[in-house]
Amino acid sequence: MGHLNQKGFYSVLQCMITMQTHDLMRKFILFLSREEQCLDICVCLEGSHTLCLLGNLIQLGYLNVKVLEQEAGHFVRDLTDMMSYCQRYVSQKKSNLTHWHPVLGWFSQTVDYGLNESMPLVTRQLQCLWGVPVICTLFCDVLSKKLEGQEPAPLPPPQPTAAQNNLPVKNLQMVLYERDCRRRFTPDEHWLRKDLKPSLLFQELDKGKKRTQLLLQYIPHVIPHKNRVLLFRNIVTKEKETLGLVETSSASPHVTHITIRRSRMLEDGYDQLRRLPVNSIKGVIRVKFVNDLGVDEAGIDQDGVFKEFLEEIIKKVFNPALNLFKTTSGNERLYPSPTSSLHENHLQLFEFVGKMLGKALYEGIVVDVPFASFFLSQVLGHHHSSFYSSIDELPSLDSEFYKNLTSIKRYDGDVSDLGLTLSYDEDVMGQLVCHELIPGGKTISVTNENKISYIHLMAHFRMHTQIKEQTGAFIRGFRSIINPEWLHMFSTPEVQRLISGDNAEIDLDDLKKHTVYYGGFHSSHRVIIWLWDILSSDFTPEERAMFLKFVTSCSRPPLLGFAYLKPPFSIRCVEVSDDQDTGDTLGSVLRGFFTIRKKEPGGCLPTSSTCFNLLKLPNYSKKSILRDKLRYAISMNTGFELS
């Protein structure tokens with residue numbers, strides 16, 4: 001087993017024979033399936049030894065598939081109870097109350113360092129949980145080839161045992177996967193089924209095959225993330241075709257025109273878009289901007305100007321200064337502000353914001369909006385799961401508050417000495433407001449008997465009750481555009497990537513391959529060659545991200561690569577400043593192509609039109625000038641100029 005060396009092999013063999021002869025594994029599983037007995041054993045063993053017990057149980061199931069098939073429901077319940085026990089004491093970071101555990105990370109129970117040498121073996125035991133025999137046994141209904149080609153048939157009378165066996169297993173693997181997404185403990189591509197062909201999967205999905213539907217419903221993470229994103233985009237495209245929102249040879253989609261004053265962008269956008277039917281918001285929207293002098297700005301919106309409008313709207317509403325959203329302490333992630341009611345129409349604004357974010361996701365426009373994971377989990381409906389825990393999500397709101405709250409659980413003395421009540425005091429605009437966690441809570445002291453309830457009530461209040469109305473309004477708006485079922489195949493961190501783009505480094509080769517050139521520039525032009533060399537050799541990854549944000553308004557690349565960036569990334573040769581720029585002419589294009597300059601552009605900075613993902617680059621005479629000017633422009637964010 002996990003903590004026995006090779007010298008003990010013979011003893012292990014004897015033990016295995018004894019266990020099979022007396023059917024001890026089945027008895028062991030059934031004994032642990034009683035929750036109070038399992039908890040008693042875990043408490044006696046504590047974290048490290050409970051982990052060893054867990055590893056032994058998993059490996060026994062791996063070696064004895066017959067018993068595993070017969071006792072799958074009890075087996076999964078045992079694993080869930082033991083992992084839940086260990087999870088209680090896993091911490092997000094180092095503190096005076098935590099110790100480093102080689103498998104569990106920062107752990108708030110005493111760690112038996114004498115077991116450190118055994119931990120690699122225990123890890124190998126734990127990996128048996130996703131070994132082929134265990135997966136095939138626990139997920140036989142999903143993976144069985146017999147499902148292929150079958151038409152839906154009338155369901156037989158419900159079998160309690162089968163329901164108990166299957167549902168916890170599927171939930172258990174999703175819990176493991178989502179934990180792995182938050183904090184990796186498996187190697188890259190560990191969850192993927194290597195023998196699964198995405199093209200065949202899509203074909204079966206189009207044909208309505210039951211096996212594929214079960215796969216996407218219960219274990220979507222076995223499909224590569226890129227393919228799931230492609231599937232999501234295909235679903236959106238099909239809905240657009242069904243609703244008549246795409247151009248065809250026989251018909252054109254309805255276009256909604258709106259006029260927006262730059263000085264009142266949020267107010268005008270809210271007034272004109274909030275009353276539109278949902279299908280109109282999903283459709284084509286053309287924007288005309290009016291400047292501060294009341295004059296229509298030049299330019300024709302072919303999706304680009306609307307992209308800039310949407311990005312500017314999202315930037316304004318998610319700005320914490322507006323007090324619709326706040327940022328978490330530490331990592332500055334966004335969630336609804338508990339005091340947003342200072343705005344008279346704050347719930348209507350939240351619904352509008354949800355629609356605008358949904359529209360961005362619907363159109364594949366990535367936006368720099370980092371959400372707190374607890375809030376995004378609520379948007380996805382994960383908080384309705386029986387495995388959801390407010391305590392687990394609390395660190396994503398306030399890690400220090402989580403640390404202080406959980407320290408109450410480990411407090412050795414009499415908790416009532418701390419003077420706490422079942423209430424939460426909040427400073428609102430300089431006034432102390434008392435929120436009762438239960439009716440009459442401010443008069444009920446926290447004691448050793450009710451401290452666990454207090455911790456859960458407090459976590460639930462901070463992340464749910466306090467922002468319930470705001471979250472509900474946001475979800476209503478978001479789901480009016482994005483069907484929640486479309487996102488069931490993604491975990492919370494994956495949906496964040498869907499919204500904000502990939503967090504990987506920018507692939508310059510991919511960007512170069514999908515760049516379009518104007519004004520005489522071409523891929524072999526010396527300025528273009530200098531540009532790519534500067535980006536790859538002279539700029540840091542942070543500067544490359546700033547460059548991408550300078551041109552596209554988002555520092556992260558699209559999830560499916562730059563082939564899916566709309567409009568495509570473009571670079572145009574310019575001879576004059578933006579206020580004098582009248583567009584490309586035959587003379588300017590020829591001069592750009594043959595690197596002939598009307599005058600030395602050394603004093604001009606590069607600019608961009610983020611609505612068109614367009615970089616406007618003077619025809620510099622030296623590589624050093626290009627490098628210095630570009631670095632200055634992206635650091636100063638000289639910003640958007642409408643073409």
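How many of the residues of strand β12 (residues 614-618) are buried? Please select this strand to begin the tour, and bear in mind that the model is predicted.

**Stop 1: strand β12**

The strand is mostly covered, with 5 of its 5 residues buried. Colour the two faces separately. One side carries Leu614, Lys616 and Pro618, and the other carries Leu615 and Leu617. Both faces are covered.

Next, add the strands that pair with β12. Strand β10 (residues 570-574) runs parallel to β12, and the two are joined over 5 bridges. To find one point of contact, select Val574, which stands opposite Pro618 in β12. Strand β11 (residues 607-609) is antiparallel to β12 and is joined to it by 3 bridges. Here, select Thr607, whose bridge partner in β12 is Lys616.

**Stop 2: the hairpin and Cys611**

Now display the turn of the hairpin that β11 and β12 form, with 4 residues between the strands. Asn613 in this turn has a positive phi of about 50 degrees. Select Cys611 as well, which lies in the loop between β11 and β12. An unreviewed UniProt entry places the feature "active site" at Cys611. Is Cys611 buried or exposed? Its relative accessibility is 0%, so Cys611 counts as buried.

**Stop 3: aromatic rings**

Turn next to the aromatic side chains, which make 18 aromatic pairs. Select Phe318 and Phe325, a tilted pair with 4.6 Å from centre to centre and 50 degrees between the planes. Phe318 has a relative accessible area of 5% and is therefore buried. Phe325, at 0% relative accessibility, also counts as buried.

Compare this with Phe474 and Phe478, which form a stacked pair: 6.3 Å centre to centre, with 10 degrees between the planes. Both residues belong to helix α21 (residues 468-481) and lie 4 residues apart, about one turn of the helix. Phe474 counts as buried at 1% relative accessibility, and Phe478 counts as buried at 3%.

To see the wider arrangement, select Phe318, Phe325, Phe350, Phe371, Phe375, Phe474 and Phe478 together; ring pairs link these residues into a cluster.

**Stop 4: Arg262 and its partners**

Which ring lies under the charged end of Arg262? Select Phe289: the charged end of Arg262 sits over its ring, 4.0 Å from the centre. Arg262 also forms a salt bridge with Glu308, the closest N and O atoms being 3.4 Å apart. This pair links distant parts of the chain, for Arg262 is in the loop between β3 (255-261) and α13 (265-273), and Glu308 is in helix α15 (residues 304-317), 46 residues apart. Arg262 is partly exposed, with a relative accessible area of 24%, whereas Glu308 counts as buried at 2%.

For another charge over a ring, select Arg462 and Phe401: the charged end of Arg462 is 4.7 Å from the ring centre.

**Stop 5: further salt bridges**

The structure holds 19 salt bridges. Select Lys240 and Glu363, whose closest N and O atoms are 2.8 Å apart. Lys240 lies in helix α12 (residues 225-243) and Glu363 in helix α16 (residues 346-363), and the two are 123 residues apart. Lys240 is buried, with a relative accessible area of 16%, while Glu363 is partly exposed at 26%.

Finally, select Asp368 and Lys549, a salt bridge whose closest N and O atoms are 3.7 Å apart. Asp368 lies in the loop between α16 and α17 (373-379), and Lys549 in helix α25 (residues 541-552), 181 residues apart.

Methods
Residues are numbered from 1 along each chain as its sequence is written. This is a predicted model: local features need pLDDT of at least 70, side-chain atom pairs count only at pLDDT 80 or more; totals for chains, interfaces and linings use all residues. Side-chain values use heavy atoms; hydrogens and water are left out. Buried means under 20% relative accessible area, exposed over 50%, partly exposed in between (1.4 Å probe, protein chains only). Two strands pair if DSSP finds at least two bridges between them. UniProt positions are given in the numbering used here, feature names are shortened, and annotations may be inferred rather than shown by experiment. Rings of Phe, Tyr and Trp (its six-membered ring) pair if their centres lie within 6.5 Å; planes under 30 degrees apart count as stacked, over 60 as edge-to-face and the rest as tilted. A charge sits over a ring if NZ of Lys or CZ of Arg is within 6 Å of the ring centre and within 35 degrees of the ring normal. A salt bridge is a side-chain nitrogen of Lys or Arg within 4 Å of a carboxyl oxygen of Asp or Glu.
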